[in-house]
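User: I would like to go through this chain strand by strand and then helix by helix, with the cut-offs spelled out as we go. Please reason each answer through before you settle on a value or a name.

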Amino acid sequence: MIISPAGFTTWASMRPAVLRRARECPSFLIDEALKDAADKFFQDSRVWRTAHGTLLTTVADTASYSYTPEDEAMLWQVQTAWIGSDELTPIEDGEHADDDPTDTTALPRIFARRVNKIVLTPLPSAADMVIKGTVSLRPATDAIGIPQEAWSEWGEAIACGAAAQLVTHHDKPWSNPGSQSLLAGVLRDGISSASNAAGPVRRVPLRSIPC
């Protein structure tokens, strides 16, 4: 799991790993493909996360709260959330459609909404409740690159994912449609490896708050 990256590997420094599989491809196309592949990698693996800390402090009858992620990142999913020793249930945007917004008898559920918003459902009736937890992150749209730890461990998978997009281009020097399936498979394997490193995406509620 990646928490507080030590530094970032830039898109430009990743290009040679893609060029080995998509020769003569222009840099701007490689960068676009790398950003797409990296975004998929982090969305699906949830391996880039924050340390356990404050997510928000409630305002009565307010559902949505701005969240400021760390540098080069934007919010992807809420992984864990707690009010004191009570654990909230993280859900995905859209799973709250049938919730009764006036029902305040149970603990609220919590989810991320793009861009960089955390939402509670139903509306909290009380103010000043501090919610702590962890979130998973993805590269910001203007990120300079990805965490060095991710590139060191899963760079081959991300590069192959980028190349998998490029080799399908028609009638180009880097065209090689026959390799697309193999390259995409390397990305899938990397996502699986990172997911195992990150731990479960959806958790069974625990009985006590983590340290």
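User: In which sense do strand β8 (residues 89-90) and strand β9 (residues 109-113) run, and which residue of β9 is the bridge partner of P90?

Analyst: This is a predicted model, in which local features need pLDDT of at least 70 and side-chain atom pairs count only at pLDDT 80 or more, while totals for chains, interfaces and linings use all residues. Residues are numbered from 1 along each chain as its sequence is written, and side-chain values use heavy atoms, with hydrogens and water left out. Strands here are DSSP runs of E with at least two residues, helices are runs of H or I with at least four, both numbered from the N terminus, and two strands pair if DSSP finds at least two bridges between them. Strands β8 and β9 are joined by two bridges and run parallel, and the partner of P90 in β9 is I110.

User: How many bridges join β9 to strand β10 (residues 117-121), and which residue of their hairpin takes a positive phi?

Analyst: The strands β9 and β10 run antiparallel, and F111 stands opposite V119 in β10. The number of bridges joining β9 to β10 is five. Three residues lie between the strands of this hairpin, and the one with a positive phi, near 55°, is N116.

User: What is the order of the strands in the open sheet that four strands form?

Analyst: On one side of the sheet, β5 (64-66) pairs with β10 in the antiparallel sense over three bridges, with S66 opposite K117 in β10. The edge strands are β5 and β8, each of which pairs on one side only. The pairing in this open sheet is mixed, and the order is β5-β10-β9-β8.

User: Why is strand β6 (residues 73-83) described as largely enclosed by the rest of the structure?

Analyst: A residue is called buried under 20% relative accessible area, exposed over 50% and partly exposed in between, with a 1.4 Å probe and protein chains only. Strand β6 is joined to strand β11 (residues 130-139) by nine bridges in an antiparallel arrangement, where V78 has V135 as its bridge partner. Strand β6 is largely enclosed because the number of its eleven residues that are buried is eleven.

User: Which residue takes a positive phi in the hairpin of β6 and β7?

Analyst: Strands β6 and β7 (residues 86-87) run antiparallel and are joined by two bridges, and I83 has D86 as its bridge partner in β7. Two residues lie between the strands of this hairpin, and the one with a positive phi, near 60°, is G84.

User: Which helix gives the largest share of the largest nonpolar core?

Analyst: A nonpolar core is a set of buried Ala, Val, Leu, Ile, Met, Phe, Trp, Tyr and Cys residues joined through side-chain atoms within 4.5 Å. The largest such core has 53 residues, and those touching the most other members include F41, I110 and I146. Its largest share, ten residues, comes from helix α3 (residues 148-166).

User: How many aromatic pairs are there, and which rings are linked into a cluster?

Analyst: Rings of Phe, Tyr and Trp (its six-membered ring) pair if their centres lie within 6.5 Å, and planes under 30 degrees apart count as stacked, over 60 as edge-to-face and the rest as tilted. The count by this rule is four aromatic pairs, including the edge-to-face pair of F41 and F42, at 5.0 Å centre to centre and 85° between the planes. Both F41 and F42 are buried. The cluster linked by ring pairs consists of F8, F41, F42, W48 and W154.

User: Why do C25 and C160 form no bond, and what does the count of disulfides come to?

Analyst: A disulfide is a pair of cysteine sulfur atoms within 2.5 Å. The sulfur of C25 has its closest cysteine sulfur in C160, and because the two are 14 Å apart they are too far for a bond. C25 counts as buried at 5% relative accessibility, and C160 counts as buried at 4%. The count of disulfides comes to zero.

User: What span should helix α4 (residues 180-198) have, and how far apart are its end C-alpha atoms?

Analyst: The expected span of a helix is 1.5 Å times one less than its number of residues. The 19 residues of α4 should therefore span 27 Å, and the distance between its end C-alpha atoms agrees, at 27 Å.
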